[in-house]
Amino acid sequence: MENVKKIILISGKRKSGKDHISATLQNIVRDRSQIVRISEPIKTEWAKRLNLNLNELLSDGPYKEKYRKDMIEWSEDVRAKDYGYFCRAAMLHAHSEIIIVSDIRRKTDIKYFLETYGVLVHTVRIMAKDEIRIERGWHFTKGVDDVASECDLDDYTQWDIVLQNNYAEDSGAGIKALREKFEF
C-alpha cells in the first residue's frame, strides 16, 4: 500500500456506467492503476457458500441477477457486524499508484476509505437518467433497486466530482473532467 498515491471511489446506480468510466480511466493511466471491486470478495464468498460458478457471478449476465437479492441481504448482515469487512478484503491486493474502486455503494464504504486512507481518497458520482439506464439493460427490481446497495448514497452530497453519463459526449466530457481533477 505504500505505492498508493490516489484512491478514486466511483459510485452510481446500476447501469450508470461505473465500469465503463473505471475501465476508461484505467486505460488512460495504464500500468500505474488498478481497478478494485468491493463486490468481488462478496461474490467470491457467496459463490463458495452456495457452490456457485464464480465467473458467472462476476459477469454482468442473468446468472448474477438470480442471486443478487439474496447476496445483498447476506452482505448487509456481514456489514452490520463490520462495515469495513468487504472494503478491507477488496484492498488486500491493492498495489498500484492509482486505485480505482469501481463500485462504492454505501456511506459506510466511503467512511471506511476516508478513515483508512484519508487524503488519498477522492469521490466520484456517476449519474445517468433512468431511460438511459433502461436502454443499457436496467429494469427496476424490488429488493434490489430500493435498498441500501442502490439508495444509500442518493442523499450524499460531498462528492469531489459528479458526472453525467447519459450519452457518448457526456462520457468524453466526464473523462476529461476526471483527468483535469486528478491530474492524469
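Is K142 buried or exposed? In this predicted model, K142 is exposed, with a relative accessible area of 65%, and its side chain meets that of D146 in a salt bridge with an N to O distance of 3.6 Å. The partner, D146, counts as partly exposed at 35% relative accessibility. Salt bridges that share partners also join R14, E65, R68 and D145 into one network, and the count of salt bridges in the model comes to 15.

Within that network, R68 forms a salt bridge with E65, the closest N and O atoms being 2.8 Å apart. The two residues are 3 places apart in helix 4 and are thus separated by about one helical turn. R68 counts as buried at 12% relative accessibility, whereas E65 is partly exposed, with a relative accessible area of 33%. A further salt bridge links R133 with D130, where the closest N and O atoms are 2.8 Å apart; here too the residues are 3 apart, in helix 7 (residues 130–135), and about one helical turn separates them. R133 is buried, with a relative accessible area of 4%, while D130 counts as partly exposed at 40%. In general, side chains of opposite charge can pair when their charged atoms come close.

The strands form an open sheet of 5 strands in the order 2-3-1-4-5, with parallel pairing. Its edges are strand 2 (33–36) and strand 5 (161–164), each of which pairs on one side only, and neighbouring strands of the sheet are turned by 20° against each other on average, direction ignored. Strand 5 pairs with strand 4 in the parallel sense over 4 bridges, and the bridge partner of V124 in strand 5 is I161. Helix 1 (residues 18–29) packs on the sheet and touches strand 1, strand 2, strand 3 and strand 4, its direction making about 175° with that of strand 3. Helix 9 (residues 168–182), in turn, lies across strand 1, strand 4 and strand 5 and runs at about 165° to strand 5.

The largest nonpolar core has 31 residues, and those with the most contacts inside it are I7, I38, V101 and F113. Two or more residues are given to this core by each of strand 1, helix 2 (39–50), helix 4, helix 5, strand 3 and helix 6, with helix 4 giving the most, namely 5 residues. Apart from this core lies another, of 16 residues, among them L25, I98, I100 and F182. When residues up to four places away in sequence are not counted, I38 touches R79, F86, C87, A90, V101, D103, I104, D109 and F113.

Two of the residues touched by I38, D109 and F113, are also buried residues of helix 6 (residues 107–117), in which I110, Y112 and Y117 are buried as well. Seen down the axis of helix 6, the buried residues fall within an arc of 160°, so they line one face of the helix. These buried residues pack against strand 1 (6–12), helix 4 (62–81), helix 5 (85–91), strand 3 (98–104) and strand 4 (121–127). Helix 6 is followed by G118, whose phi is positive, near 50°.

Technical notes: Residues are numbered from 1 along each chain as its sequence is written. This is a predicted model: local features need pLDDT of at least 70, side-chain atom pairs count only at pLDDT 80 or more; totals for chains, interfaces and linings use all residues. Side-chain values use heavy atoms; hydrogens and water are left out. Buried means under 20% relative accessible area, exposed over 50%, partly exposed in between (1.4 Å probe, protein chains only). The arc is that of the directions from the helix axis to the C-beta atoms. Contact means heavy atoms within 4.5 Å. A salt bridge is a side-chain nitrogen of Lys or Arg within 4 Å of a carboxyl oxygen of Asp or Glu. A nonpolar core is a set of buried Ala, Val, Leu, Ile, Met, Phe, Trp, Tyr and Cys residues joined through side-chain atoms within 4.5 Å. Two strands pair if DSSP finds at least two bridges between them. Axes are lines fitted to C-alpha atoms, for helices over the stretch in contact, and angles run from 0 to 180 degrees between N-to-C directions.
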